[in-house]
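Good morning, colleagues. Please take a moment with the sequence and the structure on the screen before I begin.

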Amino acid sequence: MEADDVSVREQLFHNRVRETIICVLLFTCLYIVSYLILTHFKKTAEFVTDDIEDATVNKIALWLCTFTLSVAVCAVLLLPISILSNEVLLTFPQSYYMQWLNGSLIHGLWNLVFLFSNLSLVFLMPFAYFFTESEGFAGSKKGVMARVYEAVVLLLLLALLVLGIVWVASALLHDNIARKSLYDLWEYYLPYLYSGISLFGVLLLLLCTPFGLSRMFSVTGSLLVKPRTALCGVSPTVITLHSHLLLSLIGCCCFFLFVFPAEMRRKASPWQRNLGYPLAMLMLLALTVMCVLMVCFNVLELLLDETAMPRGMEDPHLGMASFSMFGSLGAAVQVVLILYLMVSSVVGFYSSPLFTSLLPRAQDTNLTQIIANCVSLLILSSALPVFSRTLGITRFDLLGDFGRYNWLGNFYIVFLYNMLFAGLTSASLIKTVTWAVQRELIRAFGLHRLPLTVSRSTVPFRLLLASGLSKIQ
């Protein structure tokens, strides 16, 4: 009996060590990629200065930003990794080389991402901002530690202010629960704060994703060679800022900032010109329509089946059944849709008038702007698992503390959220397609040669139709 207990303890110890090594290796790779991305956008003059103190402070703040960005990327990959792991275990249930891939590893990864995302959002990023803006208390000895002391004091004051706001909000919403003492800080007030932050992130995704889905067509079109388009004399700066941002996002997963040079676009073959662009546009249209249809189907399920509600899951039983009714192919489509929604939300975020000023520029982004971008991306990415499960993009239930948000059990919030997303996305898609068709009709009928004093938007449809009939005759 004692030998069996020892063997069980040894097995648990080895499993924990193996999971720790895997998580450290994954996070190290993401940290390196994030650091390369931030060094591509940072302003070099802020890190190469005569003031050694300022350079040291900026480097420490950059390391904190790198940690935050790597956590954001890991949060984006949570659902894809979990879904693909389940399909791998279904395909190779008895494989010796897949024993390391289990529910304990996935559950631990979700818990780590939840912990680090809230740590970065509540403590590290505010500290990084206060650290770069501080100069030390008046009368104290100047140096890095003086800035640390001032930043820590400001962070404590901010924490007291936020906790006071949370207490007041809980008192307004739940009067009987608000009488809890400060001993319940960890059990009640912090989860309440996390629930509010997640709700804000999900609402931000609701606003940015439909707009980003409509913007994806123009952004992707600027990256591809359009049919019958002469690019002679076009410099590489023809790629817009949004296109450069999209390439940077793709580089996070595949390569690092891979930009198509203008020479390759000029030398594109007729197949690439006449086939690549239409296929890309059709693929984007198919993905967008598929997202809308899945959300509409989820709305029907919410009305008919209680299990369609998003909920938490304590023990992920991986390798038991597929999370898609279409098997491995459906799971692969779910992964593609989740990543597509994330890219679209980021494009929509930076395309909105409120956040256009945050758009990073290569070698010309100051540290304060980098901190703001890391916070924004972390809010969007940490809300992505809840966003995808709420819309019914995947049936993989939320693990760990991601499934303990207070508002997830409210049917009216979830139902209204699905309806708003389907309506906003459909309206944006219809508007984009309508304007594109109108632009092509104006171009085909030669109305783009009208004088600039004549507004093309005021050209009636009867004029378009009469011009088209005259051309046919």
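I begin with two helices: the axes of H10 and H11 come within 11 Å and cross at roughly 140 degrees. Axes here are lines fitted to C-alpha atoms, for helices over the stretch in contact, and angles run from 0 to 180 degrees between N-to-C directions. Helices (H or I, at least four residues) and strands (E, at least two) are DSSP runs, numbered from the N terminus. The angle therefore makes H10 oblique to H11; by the convention used, angles under 35 degrees count as roughly parallel, over 145 as roughly antiparallel, 65 to 115 as roughly perpendicular and the rest as oblique. The crossing of this pair, H10 and H11, is right-handed. A crossing is called left-handed if the near helix is turned anticlockwise from the far one by less than a right angle, and right-handed if clockwise.

I should state the basis of all this: it is a predicted model, in which local features need pLDDT of at least 70 and side-chain atom pairs count only at pLDDT 80 or more, while totals for chains, interfaces and linings use all residues. Residues are numbered from 1 along each chain as its sequence is written, and side-chain values use heavy atoms, with hydrogens and water left out.

Which residues bring H10 and H11 together? From H10 they are Met-342, Val-346, Phe-349 and Tyr-350, and these meet Asn-373, Ser-376, Leu-377, Leu-380 and Ser-381 of H11; contact means heavy atoms within 4.5 Å. By class, this contact of H10 with H11 has six nonpolar, three polar and no charged residues. For these classes, Ala, Val, Leu, Ile, Met, Phe, Trp, Tyr, Cys and Pro count as nonpolar, Asp, Glu, Lys and Arg as charged, and the others, Gly among them, as polar.

In the loop between helix H10 (327-351) and H11 sits Gln-363. Its phi is near 60 degrees, a positive value in a residue other than glycine. Gln-363 counts as partly exposed because its relative accessibility is 40%, where buried means under 20% relative accessible area, exposed over 50%, and partly exposed in between (1.4 Å probe, protein chains only).

Let me turn to the other partner of H11. Helix H11 (residues 367-382) packs with H4 at an angle of about 170 degrees, and the two axes are 10 Å apart. H4 is therefore roughly antiparallel to H11. On the H4 side the contact includes Ser-117, Ser-120, Leu-121 and Met-125, and on the H11 side it includes Leu-367, Ile-371, Cys-374 and Leu-378. The class count for H4 with H11 is ten nonpolar, five polar and one charged residues.

Cys-374 of H11 deserves a closer look. It is buried, because its relative accessibility is 3%. Leaving out residues up to four places away in sequence, Cys-374 touches Leu-38, Cys-65, Thr-68, Leu-69 and Met-125. Its C-alpha lies 9.6 Å from that of Ser-120, although the two residues are 254 apart in sequence.

H4 also packs against H2. The axes of helix H2 (residues 52-76) and helix H4 (residues 103-133) come within 9 Å and cross at roughly 155 degrees, so H2 and H4 are roughly antiparallel to each other. Their crossing is left-handed. Among the contact residues are Val-57, Ala-61, Leu-64 and Cys-65 of H2, and Leu-109, Phe-116, Met-125 and Phe-131 of H4. This contact of H2 with H4 has 17 nonpolar, five polar and no charged residues.

Is Arg-147 buried or exposed? Arg-147, which lies in helix H5 (residues 144-173), is buried, with a relative accessible area of 9%. Apart from its neighbours within four places in sequence, its contacts include Glu-53, Asp-54, Val-57, Phe-131 and Glu-135.

A last residue is Pro-385, in helix H12 (residues 384-390). Pro-385 is buried, at 1% relative accessible area. Not counting residues up to four places away in sequence, Pro-385 touches Ala-75, Leu-78, Leu-79, Trp-110, Leu-398 and Phe-402.

I close with the chain as a whole. The protein chain has 14 helices and two strands, and buried residues make up 44% of its 473 residues. Of the contacts with a separation of 6 or more, 77% join residues 24 or more positions apart.
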